[in-house]
Each structure stands twice: as structure tokens, then as C-alpha cells.
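Hi,

Here is the structure I promised to pass on to you. Have a look at it first, and then read my notes below.

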Protein chains: 2
Amino acid sequence: MWQERKTWLTRLPLPVPETLKTPLEAAEFEIGQAGVRAAFTVEKDGGESYEILPVDGGYRITGGETGILFGAYALIRGLTTGCVPAGRQKPFYPLRMLNGWDNMDGTVERGYAGRSMWFEGGRFDYEPARVRQLGRMLASCGVNVLCVNNVNVHQPAQHLTDTLLPDLARFAALLRPFGVRLMICIDFSLPMQEGLPTADPLDEQVQAWWKERAKKIWAAVPDLAGFLVKADSEHRPGPNTYGRTHAEGANMLARAVAPFGGVLIWRAFVYNCMQDWRDTKTDRPRAAYDLYKPLDGQFDGNVIVQVKYGPFDFQVREPVSPLLLGMEKTNLALELQLAQEYTGHQIDLFAMPPLWREIFDGMGKERAKAVAAVSNLGRDENWTGHPFAALNLYAFGRFGWEPDIAPETVIREWVRLSYDLAPAQEDALTELLLSSRDAYEQYTANLGLCWMVRPESHYGPSPYGYEFDRWGTYNRADRNGVGIDRTDAGTGYVSQYPEALKKLYENPETCPDKLLLFFHRLPYDFRMKDGRTLIQRLYDDHFQGCARAESMKGVLESLPLPDADKREILERIDGQIKNAREWRDITNTFFHRLSGAADEKGRKIYE
Amino acid sequence: MWQERKTWLTRLPLPVPETLKTPLEAAEFEIGQAGVRAAFTVEKDGGESYEILPVDGGYRITGGETGILFGAYALIRGLTTGCVPAGRQKPFYPLRMLNGWDNMDGTVERGYAGRSMWFEGGRFDYEPARVRQLGRMLASCGVNVLCVNNVNVHQPAQHLTDTLLPDLARFAALLRPFGVRLMICIDFSLPMQEGLPTADPLDEQVQAWWKERAKKIWAAVPDLAGFLVKADSEHRPGPNTYGRTHAEGANMLARAVAPFGGVLIWRAFVYNCMQDWRDTKTDRPRAAYDLYKPLDGQFDGNVIVQVKYGPFDFQVREPVSPLLLGMEKTNLALELQLAQEYTGHQIDLFAMPPLWREIFDGMGKERAKAVAAVSNLGRDENWTGHPFAALNLYAFGRFGWEPDIAPETVIREWVRLSYDLAPAQEDALTELLLSSRDAYEQYTANLGLCWMVRPESHYGPSPYGYEFDRWGTYNRADRNGVGIDRTDAGTGYVSQYPEALKKLYENPETCPDKLLLFFHRLPYDFRMKDGRTLIQRLYDDHFQGCARAESMKGVLESLPLPDADKREILERIDGQIKNAREWRDITNTFFHRLSGAADEKGRKIYE
């Protein structure tokens with residue numbers, strides 16, 4: 001039996017009753033639970049929007065069918081954080097989706113919070129009370145779609161489209177009162193698995209098959225949000241098999257789901273995962289733009305192309321994907337990752353709002369029509385492995401409504417909602433979280449290096465771990481220097497950016513330090529803007545980043561947190577410190593062995 | 001149903017009838033099958049020895065109960081190879097054991113020939129006809145013990161000592177007519193798994209428990225050869241848990257099996273597998289000698305300490321383990337590995353007799369009382385994954401009888417027994433096999449470097465793959481040089497050797513080139529005996545080794561081999577060439593990036 005852990009919903013007692021059937025019922029219940037007095041007015045066409053008005057002795061929340069529920073949570077939040085939203089509120093992004101990478105065997109790909117919360121042993125397997133609490137969590141931060149299965153569709157998840165539909169429908173019903181709709185990942189080759197001779201998107205039989213299948217699916221789950229597809233990527237099937245473009249593949253599916261109001265989300269994470277390391281011409285960051293830019297304008301209106309924030313794959317820092325800037329005639333979704341795949345496995349602290357702030361600012365929020373994030377949830381009692389990792393889920397929902405939100409604002413909100421701290425303690429925890437990504441970056445692969453992580457686990461340092469492999473992820477460090485020249489003199493990647501950004505990045509004198517080695521190959525004695533040499537900066541960052549991780553422990557020890565949280569947090573900070581020391585020492589030794597350069601400050605670098 | 005593939009037993013048709021119950025019946029049957037005329041005289045106390053005498057119109061084989069069977073196979077072999085052994089023959093090593101690393105779930109640890117031939121799904125599962133053929137193969141080359149389960153004892157293999165005893169007895173009965181006895185690996189902590197509060201070897205309850213258990217086991221399998229134990233190694237339980245020595249642990253078990261004539265084999269593969277790479281004092285090759293040398297003389301008479309040939313772990317070339325030279329008052333078994341864990345996964349050709357020749361010569365054959373080898377067998381039709389890998393099984397048995405045998409002799413024997421080739425073809429294949437280990441060594445981790453392999457798979461190059469890990473396996477390559485100083489100025493490992501060897505190894509001027517970087521840390525411009533620099537030798541070997549692998553293909557294509565063998569061999573040589581090119585390019589690039597040295601011959605080294 002799941003133990004009650006409420007993350008940021010501390011004011012709302014468990015359990016959520018199974019009698020709630022609509023967002024209005026849920027809103028009324030929650031307001032009552034929170035001890036707030038409010039009345040509701042439902043507007044037929046209000047959708048997700050709401051307005052909170054103070055009235056005698058309480059509030060009136062006016063809004064659409066789901067808007068009133070978002071309003072209820074906003075009011076409860078506002079009364080704790082000290083800021084009840086004034087004026088009409090509506091989400092900036094209509095589609096705010098959590099992507100579960102849950103497999104039906106109960107594993108979660110790149111999951112760090114235990115096994116799947118809703119799959120086990122090849123079938124749906126969950127505690128309804130916990131799923132209702134999940135619905136409450138998602139609605140309370142503003143997420144409105146949950147994609148239930150991994151983008152890598154493993155058996156028997158294909159059967160989510162037929163024999164498992166009754167189970168999918170039951171699961172959908174549990175989340176519906178919270179304004180959360182489901183999405184499913186489908187396998188592009190599914191028609192062939194069921195007997196058709198082809199999955200060619202231009203084949204009429206295939207088109208008819210998908211239309212029929214969509215009819216069946218929406219008959220079971222009438223408010224299903226749509227399909228999510230990973231095609232022609234990392235060995236997944238796709239339209240390229242048939243000489244068709246991704247637009248042709250996506251549109252075929254989009255036309256099958258359109259009659260039911262469904263969207264078709266097509267992931268743009270496509271690159272050559274069988275690269276030869278000897279090949280210095282092919283440059284993985286170029287791949288998505290090279291493939292998709294020529295297709296701009298060819299996608300149907302209910303297709304959304306989902307693009308990871310950077311051109312690689314969820315690294316600690318990447319420049320904004322040029323595809324996000326270049327697809328002007330295509331609906332885009334920005335893909336984030338709450339699961340800390342490359343960012344510390346929910347052991348190391350990594351609060352994401354500062355990273356996202358850069359991304360939204362760099363992209364321009366209006367470029368995307370939707371936001372998606374790979375889930376960090378699992379069956380662990382505390383939901384997210386590390387209790388503080390719940391912040392990233394919360395903040396994701398908040399960014400989906402207010403992409404201009406300041407990192408400090410959303411972090412402080414979450415801290416105040418989750419814990420009962422004195423002002424100085426709240427400041428300390430907020431500051432620690434706010435700076436956690438910078439610390440992680442400093443002790444891992446800094447200056448835009450990326451990919452110096454262990455290839456299998458994606459945790460811990462391995463400076464040459466990817467170097468001679470097939471993933472297109474090289475640093476090419478040698479005794480003279482390090483980095484990839486991605487200017488026009490090199491791979492030309494920089495020319496995928498608009499002119500102003502190109503100018504900024506292509507000159508090592510103007511390129512931001514933190515992206516320097518992403519765009520440039522430089523000698524160890526290159527002078528950084530602050531006068532330090534590149535090698536000294538590599539050393540300094542690793543020493544500083546590790547010292548920052550070490551210093552976190554004292555702050556965490558000083559905080560009066562609930563016992564379970566405190567125990568888990570202190571256990572994990574020890575893991576983080578160990579990891580940070582490994583990163584510091586291995587990375588410094590690696591560059592010392594190559595460069596031969598002594599640390600100017602005479603700190604310990606192992607031989 | 002298993003397809004008939006007969007390895008080197010081409011003159012003996014399948015199947016072996018189930019009616020054969022004794023070695024005499026088997027001997028008479030085999031001689032008849034081979035179309036030879038021979039009579040037998042069984043000597044009561046002849047054991048495994050035999051003599052073949054020509055008599056009118058045929059031969060008379062005189063020998064012990066199993067000796068006559070070994071004699072029968074020797075005669076059949078001799079008539080094909082052209083050399084019938086004259087005079088009394090007996091095996092040099094009384095115990096010649098194949099170690100299956102077979103798990104009961106059907107996997108084989110480090111197995112490259114398919115799944116287990118006798119385990120599947122948690123139980124014994126085999127084709128009796130195939131096991132009889134296995135018995136024939138083992139007897140025909142001279143192996144007399146098969147250890148059925150992995151030294152890492154995973155559940156349910158613990159039950160080989162109780163509920164699975166009837167199955168073990170049935171399996172033993174299948175091999176008994178071929179003079180092959182079984183052995184089992186046991187888990188030192190077994191008494192605790194069955195309810196005792198301790199597994200302390202000095203605890204009387206524990207001692208009594210094992211005596212009782214041994215009684216039960218030998219009641220089921222009266223000719224069981226004994227127990228094999230991996231203890232206090234790589235997280236396996238052992239006597240150290242209780243502050244007891246390995247002698248105390250081994251002797252306790254030895255006393256339990258002694259009443260039944262059993263031996264207790266104790267593996268000496270013990271080292272710190274949680275080393276910190278920063279620690280340059282701890283040196284893994286020292287570990288076994290440091291631990292066991294002080295125990296010399298303390299082991300019971302029916303204990304055999306099983307020692308891997310080198311101080312590391314089955315690398316392409318290691319100096320002979322100093323433990324094999326230093327344990328003068330202890331029964332030793334020399335452990336070899338037929339499974340090509342670090343030596344090419346039965347994809348790359350690696351005929352082992354040249355390696356073993358060095359080991360037996362370096363150790364002195366009389367140092368050991370037994371030989372053991374990790375099996376390279378599996379459920380693959382061809383038994384060993386690569387058809388030529390059967391040579392290593394055959395040769396192991398032959399070395400067990402005649403440890404002075406010349407590599408060329410045993411390779412040519414196997415070639416002649418296995419294939420029907422013209423003399424020039426036989427020469428070509430013999431030469432290719434004879435030189436295959438040298439080629440592999442040249443293109444992989446040469447000059448005694450070891451461990452530049454991918455850590456997970458143990459196949460393919462990863463020069464820094466182990467460098468910052470916990471296994472004690474470092475090359476410490478930097479911009480100036482490479483290797484570990486194991487002289488007295490370094491880790492002192494060299495002082496574990498007798499004086500003459502120590503003198504030889506400790507001076508880089510006398511240390512054999514092929515072990516140079518095992519014993520010494522040297523700059524890239526070190527002058528080798530032939531005048532080349534170290535870096536040039538690193539480059540040259542990698543280019544040459546790869547070229548040798550490439551040149552093998554033409555030889556293999558030219559040979560008139562059976563279709564199935566030929567298809568598999570040509571498929572695998574393509575894999576080997578690909579692997580060799582990876583090793584060549586990655587290793588050369590690695591050292592070029594570090595050293596900055598150009599290749600004197602201007603060959604292609606990637607950046």
C-alpha cells in the first residue's frame with residue numbers, strides 16, 4: 001500500500017474520493033479541503049481560463065469547465081504563497097503534456113523514481129487512489145495531458161490501440177475529473193504487425209487501416225488527446241523505409257485522428273546513431289534541422305513537431321535548437337526532460353527553471369504551440385525519487401501557463417507550498433535550488449562540452465566514454481586542445497542559426513563562455529574573457545562546482561524538513577558529493593594528462 | 001532438434017547409443033565405429049593409463065577402466081594423424097576439468113556459443129544424445145571432469161546440493177561411460193540460506209552441516225569429483241566475513257568431502273574490486289600472492305587452489321602468476337579460459353596453444369597438480385560459436401595429458417582430425433591458427449598493456465574504458481608516457497617473482513618487449529631493443545596486426561571446408577576484420593592524441 005506523501009499539496013489531505021466525476025466537483029471538493037470559501041461559475045466556452053474575484057467572505061471563481069479547477073488550485077496556492085492571481089488567467093500553451101517513458105513490463109526508461117506507477121507485468125496495474133492524487137498534482141500545477149507509454153513502443157504496448165482499450169479507458173476516467181487527458185505513443189509499423197504487407201503512409205490500405213483504428217480508439221476514449229510518434233529514430237520504424245518524408249508520415253496519421261479532434265505529435269529527435277567516429281564531417285547537432293527545415297510548411301494543421309530544447313539530447317547546457325527558431329510555418333512543441341537522465345539521476349540536485357528560462361528566452365515563447373516534458377515520476381513513495389525533484393514537475397506545469405515566470409519565483413512558490421520554513425530557511429533552500437544547475441554544470445561537462453558521462457548509465461564521468469563510439473558525440477580532446485569547430489570553417493552548424501545568433505556564436509571572443517567548446521575547438525592556453533586560460537577555467541570550474549556540492553550538505557542538514565524527506569535528502573546529498581568528487585578528479589586528471597598544465601592554485605590533481 | 005556437427009570427431013558417426021554403460025562398452029563401440037580392429041584388456045588398477053600394442057591384424061589396448069577408452073580414442077586419432085602413441089601412456093595431470101560458467105536460467109556467463117547446453121528455465125534441460133556426444137568429445141581429447149554450474153552461484157543452482165540431486169545424478173550417468181565425472185560449484189554461505197545463523201567455517205554447527213550435506217550429495221552421485229568454490233571474490237561470500245583465513249574456509253569444506261574421496265577446489269581469484277583509481281599504491285596483480293603466499297602449507301591434502309595463469313584475468317598476454325611459482329607446499333590447479341572473454345568472443349581467431357606453451361614453460365608443469373579451463377561450449381550447433389574455437393577445447397584436453405606438447409603439433413592434429421585438406425591447405429590453416437594469437441595481440445592491447453577493452457562487453461577497444469573505474473586495471477597513459485612501474489621503485493609487484501625472473505623483468509633493457517608495459521612506465525620515445533621508439537612500436541603493431549587479420553580472409557576463402565563451417569567462418573572473419581580496424585584506429589588515435597608523435601611511415605592515423 002502506497003504511503004501518503006503529498007509533495008507540494010500539503011494543504012490538501014488524502015485521500016481524494018472516488019466520487020468526484022467532474023472538474024467542478026473536484027474544484028468544490030478541493031476548496032473545501034483547503035478550508036477556503038469560494039463559489040464557482042462555469043462558463044460554457046471558457047475552456048481552461050478562469051478569473052478569481054474576491055467577494056464577501058470569500059471568492060468567486062469564474063471559468064471554463066476545467067478553468068474553474070485550475071482556478072481553485074491557483075487560489076489555494078495563492079493563499080499560501082501570498083499572491084492570488086488577479087485578472088483573467090489562461091495558459092499560454094494549450095497543450096502541456098507529461099511524457100511517461102513507462103514500459104508495460106513495469107520499467108521506466110531513464111526513470112529514477114522506481115517502477116512505473118501504472119504499468120506492471122505487461123498490463124495496467126495501479127492504485128486508483130494514487131492515480132487520483134496524480135491527477136490532483138498535475139491539475140494543481142497546470143499539466144493537462146499525460147502520455148502513458150514510452151516513445152520506444154515495446155510489446156505489449158502496441159495493444160493500447162486494441163485489446164487494452166478498456167483498460168486505457170478506465171485509466172482515462174480516473175484522471176478526467178482533473179482536466180487531464182491521455183495520449184498514447186504508437187508504433188509506425190503497427191499495420192504490418194497486424195497483417196498488412198506495408199506501413200507506407202501513401203498506401204491507401206494503410207491510410208484506411210489507421211482511420212479505422214483511430215475510430216476504434218476514440219470510441220473507447222472519446223477525449224484522447226492524440227498520438228505521439230518516434231519514427232525513423234534510433235532504430236524505430238518510420239516513413240523513410242518507404243522513401244516517404246516525415247511530413248507524409250505525420251500527415252497520414254494526422255488525418256486519421258483529425259475527425260476526433262486528435263493531434264499528432266511527431267518527435268524531431270532524428271539523427272544518425274550509427275556514426276563512425278572517424279567521420280568529422282557529419283555533425284549530429286545539424287541532423288534535425290537538415291532533415292526538417294525543408295519540410296517546413298508541409299505539415300497538416302493538427303500535426304505538432306516536438307523538438308528537444310537543444311540540438312543534442314537533454315545535456316546540462318546546449319544552445320537552443322535551431323529547429324525551434326527555423327520552423328516558422330510548423331506547429332512546434334518544446335520538449336523538456338524532468339527525468340534527470342544526464343542531469344544527476346534524481347540523486348544530484350538539479351532544479352531546472354534556470355535552464356528553462358534560457359530556453360524560453362532564447363527561443364521566444366511564441367515559437368511553440370505546446371510544451372512537453374519527459375516525466376520524472378515513479379512508484380517511489382515520494383513520487384520523484386528525490387523529494388526536491390518534485391519541484392521540476394511543479395515548475396514545468398507553471399511554465400506551461402506562464403512561460404515568462406522567473407526561476408526564483410517558481411522555486412520559492414514550490415518551497416513555500418511544500419515545506420514550513422522560517423524566512424531565512426526558505427531563502428537558503430530557494431537559493432540552493434536556484435544555483436543547483438550551475439553547480440552541477442561546473443563539476444560535470446562544463447563550457448558546452450557535453451557527453452563526458454558514462455555511456456550506459458548516463459551518470460558519472462567518463463571523459464572518453466563516447467569518444468570512439470557511434471553516437472556522434474565527441475569532444476576530440478588531445479594534447480593541444482578540445483572541442484568541435486562548428487563554425488563555417490568546421491561543420492557549419494552555426495549557420496543553422498539566424499544571422500545575429502550566428503555572429504554571436506561563431507566568434508570565440510563573443511560566444512558565451514558556457515557554450516564556448518560547443519562551438520569552437522580551442523587550445524588549452526586560449527584566453528577566456530576574464531583572462532584565465534581555458535585549461536585553468538576547466539580546473540577552476542571543477543574545483544568550484546564540487547565545493548558547491550559539498551557545501552550544500554550543511555544547508556540541507558540545517559533545514560527542518562519532514563523526517564522522510566530529510567532522510568532521503570541527506571542520503572542523496574552524500575551520493576551527489578561522491579559523484580561531484582569523481583567528476584572533479586577524473587575530469588581534471590583527464591585534461592591534466594592531455595595538457596600537462598599545472599593548476600595555478602596548486603590544488604590536488606591526481607596523476 | 002540439435003543438428004549433427006561433430007567437431008574433430010569426423011570419423012565417428014552419430015548418434016552415440018544410450019545402451020553404452022561403461023568405458024569398456026564405449027571403447028568397443030567407438031573402435032567398431034571407426035572401422036578399426038582392436039581388442040581390450042582391462043587392468044584393475046590401471047586407472048586412466050593405457051598402452052596400445054600392434055597385434056596380428058590390429059591392436060590390443062591394455063589399460064585401466066577408463067584408460068582403455070582414452071586408449072581407444074588415442075588409437076583412432078593416431079590412425080588419422082599418423083602417430084599411434086607407443087609405450088605406456090598416462091595423463092600428466094590427474095584432474096583435467098572443464099568449468100562451465102552455466103547458469104540455471106540458461107545463460108552462460110561470458111559464453112559465446114549460445115545458451116547453456118544443459119540448463120534452461122531454472123532446471124536441467126538437454127538432449128541426452130547431445131550430452132553423450134559431449135562425453136565422447138571430452139573423453140576423446142582427455143578431459144575427465146565437468147563442473148556444471150557457474151562459479152558465481154545464482155539461484156536456483158544452490159539446489160544442486162539438495163532438491164536437484166536426482167537431476168544431477170541423471171546427468172552424471174550420461175557422462176559416466178565416457179570417464180567424465182561431475183563437479184559442482186557451491187556457495188560458501190549456503191548454510192545460512194538454509195537457516196543456520198552463520199557460515200563461519202570454525203563453527204561446529206557449520207562443519208556438521210556441510211558434512212551432512214556432503215553425505216547426501218555423494219549418496220546421490222557417488223563419483224562426484226568435488227566442490228569448486230569462489231569465495232570472498234567480487235562480492236561472493238567467504239570466510240573473511242568471519243575473520244577466518246581462506247585455508248580455514250577451504251579446509252572446513254575439504255573435510256566434509258574427504259570421506260567420499262572428493263576434492264575441494266578453491267579459486268585464488270581474489271582482489272579488491274572496489275579500488276579507487278586515485279590509489280597508486282594498491283596494485284591488483286599483487287593481490288593473490290599477498291593473500292595466499294602466507295597460507296602456503298596450511299591447506300589440507302584434498303584442497304587444490306586454482307590459480308589463473310596470469311595475475312590479472314585472462315588477458316591476451318600476462319606474465320605467469322607469481323602465485324603459481326610461489327606456493328610450494330600447496331596443491332595447485334592452473335586455470336585457463338577457453339571462452340574468449342578478452343580474446344575475441346569466438347568471433348576473432350585466437351588459437352590458445354601458443355599462449356599455454358608460454359604458461360606451462362614459465363610455470364614448470366610440475367608446479368600444478370591439475371588443470372582447469374573455463375568452457376567455451378554452448379547450445380550453438382557447432383558447439384563453440386566459431387567452428388575453429390573447438391580447437392581450444394581439444395587442445396586443452398591434450399595439454400592435460402601432455403603439457404610439453406608443441407603448439408604446432410596439437411593444432412595440426414586438430415586440423416587433420418577435423419577437416420579433409422590437401423597438405424598445402426593443412427599447412428596454411430595450421431600456420432594461420434598458430435599465429436592467430438600474435439595477430440590478435442598486435443592489434444589489441446600489446447606490449448603487456450592489457451585492459452584497453454570495453455568494460456561491459458570485454459570486446460572491442462576502449463583505451464580509457466577501465467581507467468577511472470574500480471577494477472584496479474589502469475594504463476595511466478598521459479602525454480608523456482604509458483604503463484605501470486611494477487618494479488621495487490613502483491608497486492613492487494616484480495619482487496613476488498623468484499630472483500632470476502625478477503632480474504629479467506625489472507630492467508626495461510632485459511624485460512621481454514611483449515611484457516614491457518606490464519612492468520614499466522616508459523616515455524613514448526623510449527628506445528626498444530630493435531631501435532624503434534615505443535610510440536612507433538605501438539603504431540607498427542596495430543597496423544601490422546590489423547593487416548594480418550585482413551590477410552586471413554583470403555586463406556579462409558581458399559579452404560575447402562564443409563558448407564556450414566565455411567559460412568560461419570567467413571561471417572566471423574568479417575567481424576574480426578571490423579574489430580581489428582577499430583582497435584587499430586582507436587588505439588593509434590588515442591596514443592597520437594596523447595603523444596602528438598607522427599607515424600614514421602606516414603600511415604593514416606585519425607585525428
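The two copies meet through the same surface, because 100% of the interface residues of chain A are also interface residues in chain B. A rotation of 180° with 0.0 Å of shift along its axis superposes chain A on chain B, with an RMSD of 0.0 Å (a least-squares fit on the C-alpha atoms of residues with pLDDT of at least 70 in both copies). The copies are therefore related as by a two-fold rotation axis.

Please keep in mind that this is a predicted model: local features need pLDDT of at least 70, side-chain atom pairs count only at pLDDT 80 or more, and totals for chains, interfaces and linings use all residues. Residues are numbered from 1 along each chain as its sequence is written, while chains are lettered from A and ligands numbered from 1 in the order in which they are written.

Now to chain A, where eight strands form a closed barrel with parallel pairing, in the order E4-E7-E8-E9-E10-E11-E12-E13. Strands are DSSP runs of E with at least two residues, numbered from the N terminus, and two of them pair if DSSP finds at least two bridges between them. Strands E10 (residues 263-267) and E11 (residues 303-308) of chain A run parallel and are joined by four bridges. Which residue in E11(A) is the bridge partner of Leu264(A)? The partner is Val303(A).

Leu182(A) is worth finding too: among the residues in contact with Leu182(A) are Leu146(A), Phe171(A) and Val221(A) (contact means C-beta atoms, placed from the backbone, within 7 Å).

Enjoy exploring!

Note on methods:
Lists of a residue's contacts leave out its neighbours within four places in sequence.
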